[in-house]
Structure formats: C-alpha cells, structure tokens
Amino acid sequence: FEARKADILAMSNHIQQANIPVEPPFELKQRIIKMLIDEIVLDVAGDTMEVKGVLRGKFSFENTPVRVAIMEIRRTRVAARPL
C-alpha cells in the first residue's frame, strides 16, 4: 500500500511540475480516493466533514455550496413537520 501511495504521489508531483492538464476518468479518481481515504464522517449539525486515512483532516462546510444544500434540507424538513 505504501509503495502504491508513493507512486501515486510521485506521478502527481511530476504532472503538476510539468503543468500537464489531466482529467482522469471518474473510475480512476474513485480508485485513487479509495486507496487514500478509509472513512469520511459527515457532521451535518456541526457543518463539518472529517476525512480519515492516509489523507486526513477536518473541513468546514461554511460558505460552500454544501452548506447551502444542508440549510435547504433543514428548511424543507421544518416546513414539512406537522403542526
């Protein structure tokens, strides 16, 4: 796994340095993400997403399209509640 990760990072660095425009197919993007990420934890109440695995971090949805979607879902649920 570590060797595959190092190969992917080396290839990525080479492509970036050469300024080569690359748009890999969705399936390849998905495979790369699955190799680097073990789990994604969404905290809708806290408007955050935590990524666990080789790539890790906690990210806020503040001022993003995701935040707009979350607020719309909340608004719709409140409006749909019976009185």
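## The S2–S3 hairpin

A hairpin of three residues links S2 to S3 in this predicted model. Strand S2 covers residues 48-53. Strand S3 covers 57-60. The two strands run antiparallel and pair over four bridges.

Two of the facing positions can be named. Glu50 has Lys58 as its bridge partner in S3. Val51 stands opposite Gly57 in S3.

## The S1–S2 hairpin

S1 and S2 also form a hairpin, with four residues between them. S1 spans 37-43. The pairing with S2 is antiparallel and extends over six bridges.

Several positions of S1 can be matched to S2. Ile37 stands opposite Gly53. Val41 faces Glu50. Leu42 faces Met49. Glu50 is thus a point to look at from both sides: Val41 stands opposite Glu50 in one pairing, and Lys58 is the bridge partner of Glu50 in the other.

## The sheet as a whole

In what order do the three strands lie in the sheet? The order is S1-S2-S3, the sheet is open, and the pairing is antiparallel. S1 and S3 stand at the edges. Each has a single partner strand, so one side of each is left without a neighbour in the sheet. From one strand to the next, the twist averages 20 degrees.

Strands in a sheet are held in register through backbone hydrogen bonds, and the pairing can be parallel or antiparallel. Here the pairing is antiparallel.

## The turn: Gly46 and Asp47

Two neighbours in the loop between S1 and S2 deserve a look. One is Gly46. The other is Asp47. Asp47 has a positive phi of about 55 degrees in the turn.

Is Asp47 buried or exposed? Asp47 is buried, because its relative accessible area is 8% and the cut-off for buried is under 20%. Gly46 is partly exposed, at 37% relative accessibility.

What does Asp47 touch beyond its neighbours within four places in sequence? The contacts are Phe59, Ser60, Phe61, Glu62, Arg67, Ile70 and Arg74. Phe59 and Ser60 fall within S3, which is 57-60. Gly46 can also be placed relative to Phe61: the two are 15 residues apart along the chain, and their C-alpha atoms are separated by 8.9 Å.

## Thr48 in S2

Thr48 lies in strand S2. Thr48 counts as buried, at 16% relative accessibility.

Leaving aside neighbours within four places in sequence, Thr48 is in contact with residues of two groups in the numbering. One group is Val41, Leu42 and Asp43. The other is Lys58, Phe59, Ser60 and Phe61. Phe59, Ser60 and Phe61 are also among the contacts of Asp47.

## Helix H2 against the sheet

Helix H2 (residues 26-36) lies across S1 and S2. H2 runs at about 90 degrees to S1.

## The largest pocket

The largest pocket has a volume of about 310 Å³. Which helices each supply at least two residues of its lining? They are H1 (2-17) and H2. H1 gives the most, with six residues.

The lining consists of Ile8, Leu9, Met11, Ser12, Ile15, Gln16, Val22, Pro24, Leu28, Ile32 and Leu36. How do these residues divide by type? Nine are nonpolar, two are polar and none is charged.

Definitions and conventions:
Residues are numbered from 1 along each chain as its sequence is written. This is a predicted model: local features need pLDDT of at least 70, side-chain atom pairs count only at pLDDT 80 or more; totals for chains, interfaces and linings use all residues. Side-chain values use heavy atoms; hydrogens and water are left out. Two strands pair if DSSP finds at least two bridges between them. Axes are lines fitted to C-alpha atoms, for helices over the stretch in contact, and angles run from 0 to 180 degrees between N-to-C directions. Contact means heavy atoms within 4.5 Å. Buried means under 20% relative accessible area, exposed over 50%, partly exposed in between (1.4 Å probe, protein chains only). On a 1 Å grid over the protein atoms alone, a cavity is a set of points where a 1.4 Å probe fits but cannot get out, and a pocket is an open set with protein on both sides within 12 Å along at least five of seven lines; lining residues have an atom within 4 Å of a point. Grid points are joined across faces, edges and corners, and a volume is the space filled by probe spheres set on the points. Ala, Val, Leu, Ile, Met, Phe, Trp, Tyr, Cys and Pro count as nonpolar, Asp, Glu, Lys and Arg as charged, and the others, Gly among them, as polar.
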